[in-house]
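Colleague: I have a new model open and would like to learn how to read its features one by one. Could you walk me through it?

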Amino acid sequence: MEYTTLNNGIKMPMVGFGVFQIPDPAVCQEVVETAIKTGYRLIDTAEAYGNEEAVGKAIKAAGVPREELFITTKAFIQHINYEGVKEAFAESLRKLDLDYLDLYLLHQPIGDTFGAWRALEELYKEGKVRAIGVSNFKDDQIANLSLFNEITPAVNQIELHVFHQKEKSVAYQTSKGVQVESWGAFAEGQFDVFNNPVLTAIAQKHGKTTAQVMLRWQLQRGIVSLSKSANPERVRQNVDIFDFELSVDDMAAIKGLNTDTTVFNDHHDPKTVELLAGYVGKSF
């Protein structure tokens with residue numbers, strides 16, 4: 001495993017396992033156990049995913065010392081305020097059955113983000129979380145949050161894949177000491193990405209899968225990536241990306257796939273914001 005050093009000196013694995021859309025507790029526990037035993041050390045969940053308890057059980061069952069793991073979860077929209085973050089954090093710790101978190105994120109830039117961020121800063125200073133960050137924030141929102149608060153986010157987790165490469169955002173956030181972490185690394189399988197001829201040709205050249213090529217491409221850009229699979233062999237393959245290197249020509253060919261296309265609703269579209277804001281006042 002390779003690591004990046006966050007802006008507070010904490011080391012974070014460059015490749016992680018995400019559990020979005022794995023609501024079944026037994027399945028989630030099994031795949032997370034498999035991931036940890038395979039070599040993953042970064043596990044990413046969220047209160048909105050409804051599987052924190054299963055992740056916590058997997059952490060205990062996997063038999064890997066807690067200090068070797070990097071566990072992330074996130075506060076969702078109904079808790080994006082000062083008191084809400086404190087409540088959500090305590091509940092996430094309870095469900096995960098952990099004494100501390102390695103990374104805690106604001107899941108969306110919706111609600112009282114400043115109040116929520118002050119709560120995160122307090123949790124960090126109290127030693128309850130080793131690093132704090134955000135998810136789905138744009139550059140201006142990162143700038144605004146950083147300029148008017150004490151602590152700059154250590155991480156921003158955003159949609160980023162071969163069809164939505166965000167070069168300017170990666171460059172800006174990196175210049176400010178914010179580690180970019182991708183979700184949707186495989187574009188959710190859209191646009192027949194696993195059979196894309198450019199990726200297929202590069203994969204064949206290196207004796208790797210197209211999924212491994214996509215993850216390696218993110219690694220060489222300095223981006224932390226998350227992947228997910230319920231297939232044990234694919235889980236193993238997706239962390240086996242440290243024994244080859246994409247050439248300059250490979251990177252250029254992949255750069256040519258960029259279309260600035262999201263495979264989800266644009267989180268910054270007013271209608272999407274209004275839809276997401278509907279979660280305020282709700283609980284999971």
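Modeller: Sure. Let's settle the labels before we start: helices (H or I, at least four residues) and strands (E, at least two) are DSSP runs, numbered from the N terminus. Keep in mind that this is a predicted model. With those labels, Lys-166 belongs to the loop between β8 (155-159) and α6 (167-175).

Colleague: Okay, so what is worth a look at Lys-166?

Modeller: Its backbone. Lys-166 has a positive phi of about 55 degrees, although it is not a glycine. Lys-166 is partly exposed, with a relative accessible area of 22%. Phe-191 is another non-glycine with a positive phi of about 55 degrees, and you'll find Phe-191 in the loop between β9 (179-183) and α7.

Colleague: And which residue takes a positive phi just after α2?

Modeller: That's Gly-63, with a phi of about 80 degrees.

Colleague: Let's do the strands. How do I read a sheet?

Modeller: Strands of a sheet pair through backbone hydrogen bonds, either parallel or antiparallel. Here you can trace a closed barrel of eight strands in the order β3-β4-β5-β6-β7-β8-β9-β10, with parallel pairing. On average, neighbouring strands of this sheet are turned by 25 degrees against each other, direction ignored.

Colleague: How many bridges join β6 to β7?

Modeller: Three, between the parallel strands β6 (residues 103-106) and β7 (residues 132-135). To find your place there, look for Tyr-104, which stands opposite Ile-132 in β7.

Colleague: Which helix lies across β5 and β6?

Modeller: Helix α3 (residues 82-96) does, running at about 140 degrees to β5 (70-75).

Colleague: What about the loop between β1 and β2?

Modeller: Look at Leu-6, which is found in that loop, between β1 (3-5) and β2 (11-13). With a relative accessible area of 5%, Leu-6 is buried. Leaving aside residues up to four places away in sequence, Leu-6 touches Met-12, Phe-70, Ala-131, Ala-154, Val-155 and Gln-179. Take the pair Leu-6 and Gln-179: they are 173 residues apart along the chain, yet their C-alpha atoms are separated by 6.6 Å.

Colleague: Now helices. How do I tell which way a residue on one points?

Modeller: An α-helix has 3.6 residues a turn, so residues three or four places apart point the same way. Try that on helix α10 (residues 248-255), where Asp-250, Met-251 and Ile-254 are buried. Seen down the axis of α10, the buried residues fall within an arc of 95 degrees, so they line one face of the helix.

Colleague: What sits on the face of α10 turned away from that buried side?

Modeller: The exposed residues Val-248 and Asp-249. As for the buried residues of α10, what covers them includes α7 (197-206) and α8 (210-220).

Colleague: Which residues of α2 are buried?

Modeller: Glu-52, Ala-54, Val-55, Gly-56, Ala-58, Ile-59 and Ala-62. They pack against α1, β4 (42-44), β5 and α3.

Colleague: Can we zoom in on Ile-59 in helix α2 (residues 52-62)?

Modeller: Ile-59 has a relative accessible area of 6%; the cut-off for buried is under 20%, so Ile-59 counts as buried. Residues up to four places away in sequence aside, Ile-59 touches Ile-36, Leu-69, Ile-71 and Leu-98. Between Ile-59 and Pro-25 there are 13 Å, C-alpha to C-alpha, and the two are 34 residues apart in sequence.

Colleague: And Glu-30, in helix α1 (residues 25-38): buried or exposed?

Modeller: Glu-30 counts as exposed, at 53% relative accessibility. The C-alpha atoms of Glu-30 and Arg-66 are separated by 18 Å, and those residues are 36 apart along the chain.

Colleague: Last topic: pockets. What's the idea behind finding one?

Modeller: Rolling a probe the size of a water molecule over the atoms shows where empty space is left. In this model, the largest pocket holds about 740 Å³ of space. It is lined by 32 residues, and the closest to its centre are Phe-20, Tyr-49, Trp-183, Glu-188 and Phe-264.

Colleague: Which element gives the largest share of that lining?

Modeller: α11, with three residues. Both β10 (224-227) and α11 (270-277) supply at least two residues each to the lining of the largest pocket.

Technical notes: Residues numbered from 1 in each chain as written. Predicted model: local features only at pLDDT ≥ 70, side-chain atom pairs only at ≥ 80, totals over all residues. Heavy atoms only, no water. Pairing = 2+ DSSP bridges. Axes fitted to C-alpha atoms, helices over the stretch in contact; angles between N-to-C directions. Contact = heavy atoms within 4.5 Å. Buried < 20%, exposed > 50% of the residue type's maximum accessible area, 1.4 Å probe, protein only. Arc of directions from axis to C-beta. 1 Å grid on protein atoms, 1.4 Å probe; cavity = no way out; pocket = protein on both sides within 12 Å on 5 of 7 lines; lining within 4 Å. Points joined across faces, edges and corners; volume = space filled by probe spheres on them.
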